[in-house]
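Visitor: I'd like to walk through this model and hear the reasoning behind the labels. Could you take me round?

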Amino acid sequence: MRILLLCHGFNSLTQKLFCDLNSTGHDVSVEFDINDAVTEEAVAMFKPDVLIAPFLKRAIPASVHENLKCFVVHPGPPGDRGPNALDWAILDDAETWGVTVLQAVAELDAGPVWASRSFALRPASKSSLYRNEVSEAAVAAVIEALEKLERGQSPEQITEKLSGWRPSVSQVDRQVDWQNDETETVLRKIRSADGMPGVLDEVLGKKVYFYDARPCHEALDDAIEPGTVLMRSGPAIAIKTVDGAVWIGHVRKASKDGVKLPATRAFATQSAALTEVSGGYRDISLKIIRDVAYLHFDFYNGAMGTDDCRRLLSVFRTAVASDANILVLMGGRDHWSNGLNLNLIEAAESPAEESWDNIRAMDDLSEAIIRTTDKWIISAVGGNAGAGGVFLARAADEVWIRSGVVLNPHYKDMGNLYGSEYWTYLLPKFTSAENARQITQARLPMGAHEALSLGLADRLFEEDHSAFPGAVAAAADRLASENLTDRLCTKRKVRARDELSKPLASYRARELEQMHKNFFGFDPSYHVARYNFVRKVPKSRTPLTLAVHRAGKNKRRSQPSIFRTTSEL
Ligand code: COA
């Protein structure tokens, strides 16, 4: 079918639908919801069989939904209505929640139901639920709705009692009452607003929005007043509640130019005076089970700042020094890695210098993975990855990927960044020149099956996000029971041969030369793109890589690129 995705932005769910619908043979194009006239124009140009709205902030114009079948993906069960469905579900502590595919009608979220799915509501942030349970349920429901449409079936009128329209959640609804709220309530309030808009509060004399909250398990003095900032750990500060404390990992200053930052960075002066608790808020952990070392690195939003990369490298070295034969790089639950921490770079006194430090720290990590020849290294990609994060994963000997993962293996959208992490060495090593060209030039998200076929991954796991770590552990155990001598011997030979033919240092020097131009050169594209990304400046038009109807179909995978093909490297 010809499917037009109409969306406010190309967010994780829209990307997943884009990948999954394309891979099932549908003809998919995308239009951002700029205004009614642009939507009408897109429909006239693409002539879709159906329009799907996975993520909209406004109603679909009547001129469109009255003349074309339009499916709206609502992140709530049948009968639920309103713009902040998931926020309310978390605040209300619902046990189960759902996703409904409705037909667009004049009244918002009130159309007949084409399909729905339900899931258990995990205690997690709104964005984590959205990226995992909601996205997986939405894709399944959309596919069912499309099948029904193809078979000529009709949607069902809602029989469940409508909960009625629930308005937007206000800051008052989420406000933390430090004198009365228990830890669980504080966590729920912050999770309901994470990633956006955050929970507004005043702490250490500053008005900020809270994100990235976790329970604090340190022993505490009950006499301390709730609301008091107690200590620090990694990026987080701990705040006392009536029955314990919470770690707040990230905050955003409540001003127009506020950037989401680690709490200890946002309160740099005040937090320096706090007691540091090692391992209180843990973003890196190493577990060695029999012959396998599992390295978890769960950085907020997958963003890896200079210090994160250095800390991770140090724990990686500990893993390498252990007796384990296999090292599994687990990344985080939601994100494996999204590369450089663009927020920290944006907030730095010199963003160019910080970018430079950050990319070299990423490269050090990538290099350490590549140069480790006495362990078999696996990147277990259970969460999404983007830009340098994808190539960091590829530095391992094998990439095991969960089928629900979406990769964005390109740097170019960030103001024509050249990219580093040794991608110019790694891509030719693991894929063909044509595949490398496709990966680096397409500037499109990619599902796990496509990643497998293009050589960005080696093994597919069908498990969902909660079963993935167990499946990885079982597979790693099986591998550990084999004799790895031959594999490791071949690995050493290949590394030595590669080094002889072209030293790693020259790949690094060439990539960093280009990156230096991106950071310090006369073309400010990277700095502008980063500013827009961090501040979420809405796009004024749909990129032609996505709007197939505007680009001409065969242009999708052949945009001009600063990347050279691997044959030119
Ligand atoms: N640095 C800082 N924050 C990042 C980040 C990064 N590298 N990558 C993602 N994020 C943040 C986003 O700002 C967003 O923040 P929010 O919680 O305030 O909403 C959150 O992570 C989710 O990202 P989003 O863009 O909404 O996710 P997505 O699934 O729609 O898109 C990507 C995924 C990878 C395409 C997109 O996040 C991206 O382009 N990231 C930048 C990658 C990059 O260029 N890295 C630098 C070069 S190595």
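Visitor: How far apart do the C-alpha centres of domain 2 and domain 3 lie?

Guide: They lie 31 Å apart. Keep in mind that this is a predicted model. The domain assignment gives domain 1 as 2-150, domain 2 as 175-276 and domain 3 as 284-521.

Visitor: How do you know that domain 2 and domain 3 are in contact?

Guide: Contact means heavy atoms within 4.5 Å. Eleven residues from domain 2 and eight residues from domain 3 take part. Between them the two domains bury about 720 Å², with 59% of that on carbon and sulfur atoms.

Visitor: Which three residues of domain 2 supply more of its buried area than any other three?

Guide: Val259, Lys260 and Arg265. Together they supply 48% of the area that domain 2 buries against domain 3.

Visitor: On to helices. Why is helix 14 called oblique to helix 19?

Guide: Helix 14 (residues 423-430) packs against helix 19 (residues 504-520) at an angle of about 120 degrees, and their axes are 8 Å apart. Roughly perpendicular covers 65 to 115 degrees, and roughly antiparallel needs over 145. The angle of about 120 degrees falls in neither range, so helix 14 is oblique to helix 19.

Visitor: What makes the contact there?

Guide: Helix 14 brings Trp423, Thr424 and Tyr425, while helix 19 brings Leu504, Tyr507 and Glu511. By class that is four nonpolar, one polar and one charged residues. Tyr counts as nonpolar in this scheme.

Visitor: Now the sheet with the order 16-17-18-20-22-25. Why are strand 16 and strand 25 said to stand at the edges?

Guide: This is an open sheet of six strands with mixed pairing. Strand 16 (284-289) and strand 25 (459-461) each have a single partner strand, so one side of each has no neighbour in the sheet. From one strand to the next, the twist averages 20 degrees.

Visitor: How do you know that strand 18 and strand 20 pair?

Guide: The rule asks for at least two bridges. Strand 18 (residues 326-331) and strand 20 (residues 376-381) are joined by four, and the two strands run parallel. For example, Leu327 has Ile377 of strand 20 as its bridge partner.

Visitor: Which helix packs on that sheet?

Guide: Helix 10 (residues 306-321), which touches strand 16, strand 17 (292-297), strand 18 and strand 20. Its direction makes about 10 degrees with that of strand 16.

Visitor: And the sheet with the order 19-21-23-24: what makes strand 19 and strand 24 its edge strands?

Guide: Strand 19 (335-337) and strand 24 (446-447) each pair on one side only. The sheet is open, has four strands and shows mixed pairing.

Visitor: How do you know that strand 23 and strand 24 count as a pair?

Guide: Strand 23 (residues 406-408) meets strand 24 over two bridges, in the antiparallel sense. The rule is at least two, so they qualify. Val406 has Gly447 as its bridge partner in strand 24. Helix 1 (residues 12-23) lies across both strands, at about 100 degrees to strand 23.

Visitor: Let's finish with the backbone. What joins Asp194 and Gly195?

Guide: A cis peptide bond, with omega about 10 degrees. The bond from Met196 to Pro197 is cis too, with omega near 0 degrees. Gly195 lies in the loop between helix 7 (183-191) and strand 9 (199-203), and Pro197 is found in the loop between helix 7 and strand 9.

Visitor: What makes Asp212 worth a look?

Guide: Its phi is near 60 degrees, a positive value in a residue other than glycine. Most residues other than glycine have a negative phi. Asp212 lies in strand 10 (residues 206-215).

Notes
Residues numbered from 1 in each chain as written. Predicted model: local features only at pLDDT ≥ 70, side-chain atom pairs only at ≥ 80, totals over all residues. Heavy atoms only, no water. Axes fitted to C-alpha atoms, helices over the stretch in contact; angles between N-to-C directions. Parallel < 35°, antiparallel > 145°, perpendicular 65-115°, else oblique. Domains from an automatic or database assignment. Buried area = accessible area lost by both parts, 1.4 Å probe.
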